[in-house]
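Thanks for sharing this one. Here are a few notes to read alongside the coordinates, mostly on how the chains come together.

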Amino acid sequence: MHAPHPGDNWPRLGLGLGLRHVHVEHILKHWPAVDWFEVISENFMFSAGRPRQVLRQVAERYPLVMHGVSMSIGSSDPLDFRYLQALKALADEIQPKWISDHLCWTGIQGKHTHDLLPLPLTDETLQHVAERIRIVQAVLERPLVLENPSSYLSYTQSSWTEPAFLAELVVQTGCRLLFDVNNCYVSCYNAGQDPQDYLKALPHEAIVQLHLAGHQHCGSHIIDTHDRPVAAAVWQLFQQVWRRSPAAAILLEWDGNIPDFDTCLAELHKAKGFMQGQQVNHWAAADVGRVDAAEAVSTPVDFMVAPLMAEARQMAMTEQERQDA
Amino acid sequence: MRDGRADVAPLALAQLQQFMQSALLQQAEGPDHGLIERYIAATGLLDPAQHLAIYQRAYFARLLQCMQGQFKALAHALGSELFRDFACEYLRAHPSCSPTLAHLGAGFADYLQQNRPDAHAAQPEAWIDFMVDLADFEWTLYSLFDAPGAEEQGYATLAQQDHPALRLQPCLALRQYRFPVGAYYQQVADGHDPVFPLAQQVYLALVRTHYRLGIFSLQPAQYALLSRLAQADGTLAQALAATADQLGEAIHSLAPIWLRGWLQAGFLVLGHD
């Protein structure tokens with residue numbers, strides 16, 4: 001049994017942002033004042049080009065955390081050891097404060113859906129995932145940090161609640177938690193559950209990081225879009241969680257319609273007020289009562305595709321060609 | 001641990017994941033309604049099929065956004081609807097098998113070629129040739145962006161132009177196309193709306209130097225010489241000799257001029273002699 005204990009010494013990182021392609025030039029030019037960056041592991045694990053070179057520069061200036069989307073810890077496929085070795089190699093290079101991924105599966109039979117698909121929360125799944133976490137932790141030589149995913153369905157087979165399932169994984173494996181406040185709100189709404197019940201069962205002492213993000217309310221369901229400011233209801237939930245996990249690192253994810261770096265930073269820094277007890281002005285929030293008819297893409301991933309079109313240029317080889325051009 | 005026995009999945013989990021993955025990847029066939037109700041719980045707001053449909057809609061929409069990012073010029077040329085149709089057919093035929101999205105479009109150009117809409121026509125249609133060429137061009141650029149390069153090793157310099165160990169650098173691709181896809185791509189990148197180009201054989205070197213991508217036009221003889229140099233681990237002198245057989249002895253006087261341009265553009269490194 002590996003229940004976390006008070007002597008655990010996880011670094012207090014403060015307020016961070018997800019490192020995104022569209023902000024790289026700004027970051028390399030201004031080295032803005034942000035406490036830390038979270039990087040998507042898969043964007044860099046297999047990179048031998050500019051992304052990895054940029055990451056090395058960023059790692060020299062900021063604390064980093066590696067956040068993965070393809071470990072597929074709950075898949076019925078065998079673990080992908082080539083993937084894990086690449087993850088370990090990247091970690092050895094950039095020395096992240098920790099490595100996280102999601103309580104989900106992403107594909108079977110060698111295929112990847114690039115979605116974070118929910119698991120049936122059963123005793124069998126618990127043992128399966130716990131065993132795989134132990135293997136992953138042995139390969140990575142560190143505890144895995146596991147995030148609650150946003151979900152749009154629940155299975156008839158499930159016999160555990162998600163927070164109880166996570167708590168049991170913590171006890172059995174010593175893993176830690178990345179609690180995504182927005183995902184909790186989204187999943188609870190979509191499952192017809194009360195987020196307060198979720199929080200009651202959550203092992204707050206195991207939380208090392210919190211995620212914040214915007215979502216889209218479609219009336220009958222909520223989509224985890226990461227494409228707008230954080231909703232007032234999520235800030236309220238964040239305030240509650242923060243009181244119970246005051247050492248947790250806080251990170252804003254903004255992955256669709258990504259605004260400029262300073263706008264992302266300003267949204268992140270709203271958290272400071274709420275951490276100090278500022279009331280969430282629920283009725284003044286822009287999202288209150290807003291219901292969108294057109295569904296946006298959940299958990300967008302296109303921000304991971306490098307925007308290289310502006311980079312590739314037609315070049316002249318000779319002076320004559322330059323003159324012709 | 002490594003043979004997978006330690007994490008053999010429970011049968012019920014494997015069956016459920018088979019159901020879910022099929023529901024996402026093979027939406028045309030659609031999962032059996034009874035299976036949906038067996039596996040997925042209803043809520044007060046949505047029935048089981050509606051819950052599942054959120055994932056089904058998002059699967060193609062999410063990956064389509066990525067394909068549009070990897071093939072921006074092609075998406076511009078085809079228009080959003082036609083591009084979506086081709087991309088979704090490709091994704092249905094070739095679901096991603098990589099943990100990284102960077103490989104998503106790897107087979108798109110081949111898929112377009114093998115599934116040409118004019119496959120049964122008497123004459124091939126030019127716009128399809130253009131589409132296939134543009135897809136290959138964009139994917140080649142995209143691959144070079146993150147491929148192993150020579151940035152740390154360094155590039156050969158003008159002072160080394162007679163060095164016997166001159167070789168093509170690893171992040172360089174030689175391509176010939178039936179249309180001026182490089183010029184078309186550049187116009188789209190610059191925010192223009194170029195017209196469908198006329199057919200024109202072009203020879204290109206796509207190169208990444210100092211983490212920047214360059215598109216260089218080549219003459220046919222330059223393309224032939226560089227291709228020969230790329231083929232085997234031979235020397236420039238051997239490539240020149242072989243190419244002279246095809247192109248004539250004049251190449252010996254032209255090659256030093258070309259070589260200086262290639263060295264300045266970072267085409268070459270010092271390999272093993």
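1. A word on the annotation before anything else: UniProt positions are given in the numbering used here, feature names are shortened, and annotations may be inferred rather than shown by experiment. Please also keep in mind that this is a predicted model.

2. With that said, the unreviewed UniProt entry lists "domain: Putative DNA-binding" for residues 15-112 of chain B. In the model, that stretch of chain B is 68% helix and 0% strand. The C-alpha atoms at its two ends are 33 Å apart.

3. Now to the interface. How much area do chain B and chain A bury between them? The value is about 6800 Å², with 62% of it on carbon and sulfur atoms. On the chain B side, Tyr55(B), Arg62(B) and Pro99(B) lose the most area to chain A, yet together they make up 11% of what that side buries. Counted by contacts, 78 residues of chain B meet 76 residues of chain A.

4. The polar side of the interface can be listed too. There are 23 residue pairs in polar contact between chain B and chain A, counting pairs with both residues at pLDDT 80 or more. Several elements of chain B each supply at least two residues to the side that touches chain A, among them α1 (11-25), α7 (126-145), β4 (212-218) and α11 (251-264). Which element gives the largest share of that side? It is α3(B), with 14 residues. By residue class, the side of chain B that touches chain A holds 47 nonpolar, 18 polar and 13 charged residues.

5. Salt bridges deserve their own point. Four of them are counted between chain B and chain A. If you would like one to look at, Glu295(A) pairs with Arg57(B), and their closest N and O atoms are 2.8 Å apart.

6. The chains also share strand pairing. Strand β11 (residues 313-315) of chain A is joined to β4(B) by three bridges, and the two strands run parallel. Within this pairing, Met315(A) has Phe216(B) as its bridge partner.

7. Finally, the whole structure, where a search over all chains finds 21 salt bridges. One within chain A links Glu25(A) and Arg50(A), whose closest N and O atoms are 2.7 Å apart. Why might you care about this pair? Glu25(A) sits in helix α1 (residues 24-30) of chain A and Arg50(A) in helix α3 (residues 50-61) of chain A, so the salt bridge ties together parts that are 25 residues apart in sequence.

Definitions and conventions: Residues numbered from 1 in each chain as written. Chains lettered and ligands numbered in written order. Predicted model: local features only at pLDDT ≥ 70, side-chain atom pairs only at ≥ 80, totals over all residues. Heavy atoms only, no water. Helix = DSSP H or I, 4+ residues; strand = E, 2+ residues; numbered from the N terminus. Contact = heavy atoms within 4.5 Å. Buried area = accessible area lost by both parts, 1.4 Å probe. Salt bridge = Lys/Arg side-chain N within 4 Å of Asp/Glu carboxyl O. Polar contact = N/O pair within 3.5 Å; in protein donor to acceptor, adjacent residues only side chain to side chain. Nonpolar A, V, L, I, M, F, W, Y, C, P; charged D, E, K, R; others polar. Pairing = 2+ DSSP bridges.
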